[in-house]
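Hi everyone, thanks for making time. I'd like to walk you through one structure today, so here are the sequence and the model.

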Amino acid sequence: QPIGNTNPAQIQNRLKSVTILHPTGRNQEDRYGWITQESVARAATNAPQRKRVFCLAVTSEGKNTNGRPTAWSAALDKISVGLDDELNIDDTKKQLFVVSAGNIRDTIDPTEYPGRNLVEPVENPAQSWNALTVGGVTHKAFTANRALDGWRLLAEPGTISPKSRTSVMWTEKDWPIKPDVVFEAGNYAHDGTMITNDPDLSLLTTGHNTPFEYFLDTSAATAAGARMATILHSEYPEFWPETIRGLIVHSASWGNPMFQGQMLHRMNVTQKETLLRTFGYGIPDLEVAQFSASNRACLISQHTIQPFVRGEDQQSAGYFEMNLHKLPWPEEYLREYGTTKIKLRVTLSYFIEPNPSRRIPVQQYSYASHQLKFELQRPLETPETFRQRINKKERTPGHTFTAADTTNNWALGVNTRNKGAVSSDVWEGTAGQLADQAQIAVMPEGGWWKVRKHLNRTNQKARYSLIISLASENQELDIYTKIKTEIENMTAVAIATRT
């Protein structure tokens, strides 16, 4: 029963654990990938049909990977994408891993915070493309009636948890944004010289020898992330693991303390990159992920795409499909609220297949099987000029093409968001502008499926989840009801060939 509640609790999920740490010594780091694969297999033995979320709060304190994959992170990517014993992709075996970003392991000097967090890199295997990597944030503070005796908070509420790691110092910036999100990881107190943990600044969990224990750092944050994923899985069993990860990222937002007095739209690319590689896409909100309100509507589309194609006699492969999604905008209704401010958020989530080579690739396009990106129709573009902008094959040969409108209102932009296998961005503008932006395209970019002919992956199809939400502070703007009406008349996604 829940504490303080006499009503019986409804249990919607179960917990199973497998130990991957050696009881008396240390595992060899090059064995962790195999150990993790074996642990996943053992967990699934008794009930292989159950949907699972894997929570991994163990990381390696080895050298900085700089974002490059390792045998361990590649093993997570293989398990996630559903590779079977014959190295074929089985969509029914896809899995979601929730992995900790890792902790600063030794004692922190109070004067080092938060600068040290920015130079302590995310640990292996948290650079996994397909895993949801969790860092730490804290809102913990002392209760008002505490006698502190000279002790004070190390981290101000809303900022990075004192021991959480980041990927700010990864010099190879094309690798994925990590962590993906942050959850509560607790705070510390200090007296100017020493730091200490404190019950007020910790999370509470069930204990081994006692009913309850205090819990801190990214292990606690990762557990919270896995809990959110299992709740979404149990409530929406038809959602893919890619969708669950996408929903968690989509529901996340940055708090004002994360901006350090700046405004997001005034940040340069480097500052935005630092924000992302410190806090990921922000703090997820379970209620936002679960529900849509009258002034907020969320659309979820689960689709497949064939990124590349190669004929029997062709030596080189080309891009094959892009998916054009017709968005169910109530166009006339939006024009009625022409100057009303509105936010559109788009999240694209998919799993990549890691390169099977024994030698770890040093470039993202030689590691990831494929990459995807999205493009939104611009305010002054017709459907025809939109397709011409994103697809050269649509253009008339011999004619110079100029995009009708080069402005955009994205918070991050394509140069910042398109890194890794999940990307998310927010467009802000007016309802009138959005009324004319009723198409969004999902398109492939390079990957080893395209170039490694002998592995027979060129014509492979891939799944993705596209999550789109509209929100407005104007309570009179009933977006949800209007879009629900439009959906009844929606047509299937159109598929076009891309050169």
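I'll go through the cores, the salt bridges, some unusual backbone spots, and then the cysteines and a surface patch. One thing up front: this is a predicted model.

Okay, let's start on the inside. The largest nonpolar core has 46 residues. Those with the most contacts inside this core are Val 181, Leu 232, Ile 248, Trp 254, Leu 275 and Phe 279. Who supplies it? At least two residues come from each of β2, β3, β6, α4, α5 and α6. The top contributor is α4, which gives 5 residues.

Take Leu 275 as an example. Leaving out residues up to four places away in sequence, Leu 275 touches Trp 254, Met 258, Phe 259, Leu 264, Met 267 and Gly 280. There's also a second, separate core, this one of 38 residues. Ala 368, Phe 374, Ala 421 and Ile 440 are among its members.

Now, charges. Side chains of opposite charge can pair when their charged atoms come close. Here the count comes to 23 salt bridges, and I'll show you three.

Asp 91 and Lys 94 make one, at 2.4 Å from N to O. Asp 91 is partly exposed, at 36% relative accessible area, while Lys 94 is buried, at 9%.

Next up is Glu 123 with Arg 105, where the closest N and O atoms are 2.8 Å apart. Glu 123 sits in the loop between α3 and β3, and Arg 105 in the loop between β2 and α3, so this pair ties together parts that are 18 residues apart in sequence. Glu 123 is buried, at just 5% relative accessibility; Arg 105 is partly exposed, at 43%.

Then there's Arg 116 with Asp 106, with closest N and O atoms 2.4 Å apart. Arg 116 is in helix α3 and Asp 106 is in the loop between β2 and α3, so the pair links parts 10 residues apart in sequence. Arg 116 counts as buried at 16%, and Asp 106 as partly exposed at 42%.

Those last two pairs also belong to a bigger picture: Arg 105, Asp 106, Glu 112, Arg 116, Glu 120, Glu 123 and Arg 165 are linked in a network of salt bridges.

On to the backbone. Most residues other than glycine have a negative phi, and most peptide bonds are trans. So where does this model depart from that? Asn 124 and Pro 125 are joined by a cis peptide bond, with omega about 10 degrees. Pro 125 is in the loop between α3 and β3. Lys 178 to Pro 179 is cis as well, with omega near 0 degrees, and Pro 179 is in the loop between β5 and β6.

For positive phi, look at Asn 66, at about 60 degrees. Asn 66 lies in the loop between β1 and α2 and is buried, at 14%. Leu 87 has a phi near 65 degrees. Leu 87 is in the loop between α2 and β2 and is exposed, at 51%.

How many disulfides does a search of the whole structure find? The answer is 0. Cys 55 is partly exposed, at 42%, and so is Cys 298, at 23%.

Finally, the outside. Ile 3, Leu 204, Phe 212 and Tyr 214 make a nonpolar surface patch of about 510 Å². Phe 212 is in strand β10 and is partly exposed, at 43%.

That's my tour, thanks.

Key:
Residues are numbered from 1 along each chain as its sequence is written. This is a predicted model: local features need pLDDT of at least 70, side-chain atom pairs count only at pLDDT 80 or more; totals for chains, interfaces and linings use all residues. Side-chain values use heavy atoms; hydrogens and water are left out. Patches are made of residues with over 30% relative accessible area and no salt bridge: like charges are joined within 9 Å, nonpolar side chains (Val, Leu, Ile, Met, Phe, Trp, Tyr) within 5 Å. Accessible areas come from the Shrake-Rupley method with a 1.4 Å probe; for residues, only the protein chains shown count as cover. A salt bridge is a side-chain nitrogen of Lys or Arg within 4 Å of a carboxyl oxygen of Asp or Glu. Helices (H or I, at least four residues) and strands (E, at least two) are DSSP runs, numbered from the N terminus. Buried means under 20% relative accessible area, exposed over 50%, partly exposed in between (1.4 Å probe, protein chains only). A disulfide is a pair of cysteine sulfur atoms within 2.5 Å. A nonpolar core is a set of buried Ala, Val, Leu, Ile, Met, Phe, Trp, Tyr and Cys residues joined through side-chain atoms within 4.5 Å. Contact means heavy atoms within 4.5 Å.
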